[in-house]
Amino acid sequence: MSETSKIIAVTSGKGGTGKSTVCSGLGYTLAKQGHRTLIIELDFGLRCLDIMFGLQDKIEHDLSDVLSGKMSALDACSKVPMASNLEILCAPKTLTPVTAEQIYDICSSVKKYYDYIIIDTGAGINSHVFDIVEQANLILVVSTPDQVCIRDASLMSDEFYNRGNKRQRLIINKVSKKVIGNSLVKNLDEIIDKVGVQLIGVIPEDFKLTVATAKGDPIPTESEALLAFDAISKRLGGDFVPLTMKGA
Ligand SMILES: Nc1ncnc2c1ncn2[C@@H]1O[C@H](COP(=O)(O)OP(=O)(O)OP(=O)(O)O)[C@@H](O)[C@H]1O
Ligand SMILES: [Mg+2]
């Protein structure tokens, strides 16, 4: 592992909170900031990173090739033309059995080549996710402002704490200015208190993302959400970037 190499697991209790979007946004902005970045997608059978980076039908290899021993993890990674420092290791298109040890071995074999490895864990409170997340240097818990999401994020985070994992930060995604209104800080404070995890960033609800998903287009690089991801990426590196609704 290089001195600066960091393994970041992106997770949530409830599905659909925006984990894959967060992985893409952070991966893209970290790479644009000059960090060698790999995103590993563990959503087996539900691949989406290829579409998010405009690589639909262009992925030649994925995790199944690594798990079957056909090739090394490094060889199975795909370069992302949108950002020269970014690579992705896509999930298999079908359900393929995998253990936390195998993911650990994959991360160990490639981590010296990257500054950041971002793991899209997929959704759910299950032991599989907990075991995989154990290896991460940092866990990013993604929640939206809705009450079910907040409760599930809190349950997830409590379980990490119970297992001794205190390296957690919260991302609040899909924050709508209309819902949060003028009292941004007070409302965000309530969410942070309920989840019980220190905030690292807020991503606005961004219509450009909704449109891109609907059309199967890559993530929009000129958007408010990407500004927010850029801010979070800088915070990951230790920079102080103030929280605002525009750049979140
Ligand atoms: N900030 C945002 N603004 C608008 N739409 C968003 C935002 N973040 C995510 N979305 C949309 O929400 C939907 C779910 O996002 P995504 O696939 O990233 O969630 P997920 O947590 O990875 O889901 P799953 O649990 O199924 O893996 C997508 O349509 C995505 O475009
Ligand atoms: Mg996903």
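Helices and strands here are DSSP runs, with helices (H or I) of at least four residues and strands (E) of at least two, numbered from the N terminus. With that in hand, Gln198 can be placed in the loop between α9 (184-195) and β8 (199-204). We will come back to this residue below. One caution before that: the model is predicted.

## The overall picture

The protein has 11 helices and 8 strands. How does its radius of gyration agree with that of a compact globule? A compact globule of 248 residues would have a value near 18 Å, and the protein has 17 Å, so the two agree. Along the principal axes, the C-alpha trace spans about 55 × 40 × 35 Å.

Of the 248 residues, 54% count as buried. The contacts also reach far along the chain: among those between residues at least 6 apart in sequence, 77% join residues at least 24 apart. On the outside, the protein exposes about 11300 Å², and carbon and sulfur atoms supply 52% of that area. As for charge, the mean positions of the 27 positive and 30 negative charges are 4 Å apart.

## Two nonpolar cores

In soluble globular proteins, nonpolar side chains tend to be buried together. In this model, the largest nonpolar core has 44 residues, and those with the most contacts inside it are Leu38, Ile40, Leu42, Leu89, Ile106 and Ile117. Helix α5 (residues 100-110) gives this core its largest share, 5 residues. Apart from this core lies another, of 36 residues, with Leu30, Met52, Leu55 and Ile219 among them.

Leu42 is a handy place to start looking around. Leaving aside neighbours within four places in sequence, Leu42 is in contact with Leu63, Ala91, Ile103, Ile119, Asp120, Thr121 and Ile132.

One of those partners, Asp120, deserves a visit of its own. Asp120 sits in strand β5 (residues 116-120). Is this residue buried or exposed? Asp120 counts as buried because its relative accessibility is 0%, where the cut-off for buried is under 20%. Beyond its neighbours within four places in sequence, Asp120 is in contact with Val10, Lys19, Ser20, Cys23, Ile40, Glu41, Leu42 and Asp43. Charged residues feature in that list, including Lys19, Glu41 and Asp43.

## Other buried sites

Ala76 is found in helix α4 (residues 73-76) and is buried, with a relative accessible area of 1%. Which residues surround Ala76, once neighbours within four places in sequence are set aside? They are His61, Asp62, Val66, Met71, Ile88 and Leu89. Of these, Leu89 was met above as a residue with many contacts inside the largest nonpolar core, being listed with those that have the most.

Asn165 lies in the loop between α7 (147-162) and β7 (168-175). Despite the loop setting, Asn165 counts as buried at 3% relative accessibility. Its contacts outside the four nearest places in sequence are with Val133, Glu134, Ile139 and Phe160.

Leu138 belongs to strand β6 (residues 138-143) and is buried as well, with a relative accessible area of 16%. Not counting residues up to four places away in sequence, Leu138 touches Ile7, Ile8, Ala9, Arg167, Gln168, Arg169 and Leu236.

Gln168 and Arg169 lead back to Gln198. With neighbours within four places in sequence left aside, Gln198 is in contact with Gln168, Arg169 and Leu170.

Four C-alpha separations help to tie these sites to other parts of the chain:

| Pair | Separation in sequence | C-alpha to C-alpha distance |
|---|---|---|
| Ala76 and Ile88 | 12 residues | 8.8 Å |
| Asp120 and Val141 | 21 residues | 11 Å |
| Leu138 and Lys166 | 28 residues | 8.7 Å |
| Gln198 and Arg151 | 47 residues | 15 Å |

## Two positive phi angles

Two residues are worth a look in a backbone check. Asp57 has a positive phi of about 65 degrees although it is not a glycine. Asp57 lies in the loop between α2 (49-52) and α3 (63-67), and at 69% relative accessibility it counts as exposed.

Lys174 also has a positive phi, near 60 degrees, in a residue other than glycine. Its place, however, is in strand β7, and Lys174 counts as partly exposed at 35% relative accessibility.

Technical notes
Residues are numbered from 1 along each chain as its sequence is written. Chains are lettered from A and ligands numbered from 1 in the order in which they are written. This is a predicted model: local features need pLDDT of at least 70, side-chain atom pairs count only at pLDDT 80 or more; totals for chains, interfaces and linings use all residues. Side-chain values use heavy atoms; hydrogens and water are left out. The radius of gyration is taken over C-alpha atoms; the globule rule is 2.2 Å times the number of residues to the power 0.38. Buried means under 20% relative accessible area, exposed over 50%, partly exposed in between (1.4 Å probe, protein chains only). Contact means heavy atoms within 4.5 Å. Accessible areas come from the Shrake-Rupley method with a 1.4 Å probe; for residues, only the protein chains shown count as cover. Lys and Arg count as positive and Asp and Glu as negative; His and the chain ends are not counted. The place of a charge is taken as NZ of Lys, CZ of Arg, CG of Asp or CD of Glu. A nonpolar core is a set of buried Ala, Val, Leu, Ile, Met, Phe, Trp, Tyr and Cys residues joined through side-chain atoms within 4.5 Å.
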